[in-house]
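I open these entries to record what I looked up about charged pairs and helix packing. The structure is shown first, and my notes follow.

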Amino acid sequence: MNEAEPGLVVRKVGRPRSVQSHQAILEATLEIFAEEGLQGLSIEAIAERAGVGKTTIYRRWSSKEDVIKDALDVFRGEHPLPDTGNIRDDLLYIAKEAHELFKRNALMGKLLTKMIAEIKSRPEIYQAFYDKLATPRIQQFRQVVERAQERGELRQDIDATFILYQIVISLAYGNLFTDLLFPNTQAVFEPEMAVDALLNGIAARSLQPGK
């Protein structure tokens, strides 16, 4: 192995500075937005927390709103729901996955809370969240419902869209709403309890817990 010549600087191969800066900007944006909402977010604040100059941000984005829209991609990922073969296990997977996500990533809960608060004042921000994060997951939930209907596991007199809403509200975001609506209580979100409570209302009689 040849040694480097005297005076020659050997650079280690690593993550390009531009990639590091880009990621730092997106993460700083989400953190500030989750803490203070859009009102407390500014290009200056993002630059300071990310450790970059304002010009670095303006080279990529024209406004803080544009940064937020791109920053939401940090949470995107391909996580297909497994087809377990029965509705209870499908729903239990959804509930447990959401439960673990909110426990593991405190930023997600704060971010969603701020998103809800911005629905009326900044609908374009909420729309970006809905399009990038919510819609793909809801489509997967719809497939779960359709498969269960084909297997005859769900009541025929309940609209499929209504069932979909219940899955989203009670299972996927159950933790979030529990914290929002009952912040001063010891309310605990238990995936198994939530799934069985939901199935008592939507499952075909033969599949209802305790039947």
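Entry 1, salt bridges overall. I counted the salt bridges in this predicted model, and the count came to 16. I then looked up individual pairs.

Entry 2, Arg49 and Glu31. I found a salt bridge between Arg49 and Glu31, with the closest N and O atoms 3.4 Å apart. I placed Arg49 in helix α2 (residues 43-50) and Glu31 in helix α1 (residues 17-36), and the two are 18 residues apart. I noted that this pair links distant parts of the chain. I also looked up how accessible each partner is. Arg49 has a relative accessibility of 38%, and I therefore recorded Arg49 as partly exposed. Glu31 has 32% and likewise counts as partly exposed.

Entry 3, Arg49 and Glu35. I asked which further residue of this kind could be paired with Arg49. Arg49 also forms a salt bridge with Glu35, and here the closest N and O atoms are 3.0 Å apart. Because Arg49 lies in helix α2 and Glu35 in helix α1, I noted that the pair ties together parts that are 14 residues apart in sequence. Glu35 has a relative accessible area of 44%, so I entered Glu35 as partly exposed.

Entry 4, Arg151 and Asp83. I recorded a salt bridge between the side chains of Arg151 and Asp83, at 3.6 Å from N to O. I located Arg151 in the loop between α7 (123-150) and α8, and Asp83 in the loop between α4 (64-71) and α5, so the pair ties together parts that are 68 residues apart in sequence. With a relative accessible area of 31%, Arg151 is partly exposed. Asp83, at 47% relative accessibility, counts as partly exposed. I then looked up the wider set of links and found a network of salt bridges that joins Asp83, Asp90, Arg147, Arg151 and Glu153.

Entry 5, packing of α5 and α8. I asked at what angle helix α5 and helix α8 pack. Helix α5 (residues 87-104) and helix α8 (residues 160-172) pack at about 40 degrees, with their axes 9 Å apart. I therefore described α5 and α8 as oblique to each other. From α5, I listed Leu91, Ile94, Ala95, Ala98 and Phe102 as making the contact. From α8, the contact is made by Ile167, Leu171 and Ala172. By class, I recorded eight nonpolar residues in the contact of α5 with α8, with no polar and no charged residues.

How values were computed: Residues are numbered from 1 along each chain as its sequence is written. This is a predicted model: local features need pLDDT of at least 70, side-chain atom pairs count only at pLDDT 80 or more; totals for chains, interfaces and linings use all residues. Side-chain values use heavy atoms; hydrogens and water are left out. Axes are lines fitted to C-alpha atoms, for helices over the stretch in contact, and angles run from 0 to 180 degrees between N-to-C directions. Helices (H or I, at least four residues) and strands (E, at least two) are DSSP runs, numbered from the N terminus. Angles under 35 degrees count as roughly parallel, over 145 as roughly antiparallel, 65 to 115 as roughly perpendicular and the rest as oblique. Contact means heavy atoms within 4.5 Å. Ala, Val, Leu, Ile, Met, Phe, Trp, Tyr, Cys and Pro count as nonpolar, Asp, Glu, Lys and Arg as charged, and the others, Gly among them, as polar. Buried means under 20% relative accessible area, exposed over 50%, partly exposed in between (1.4 Å probe, protein chains only).
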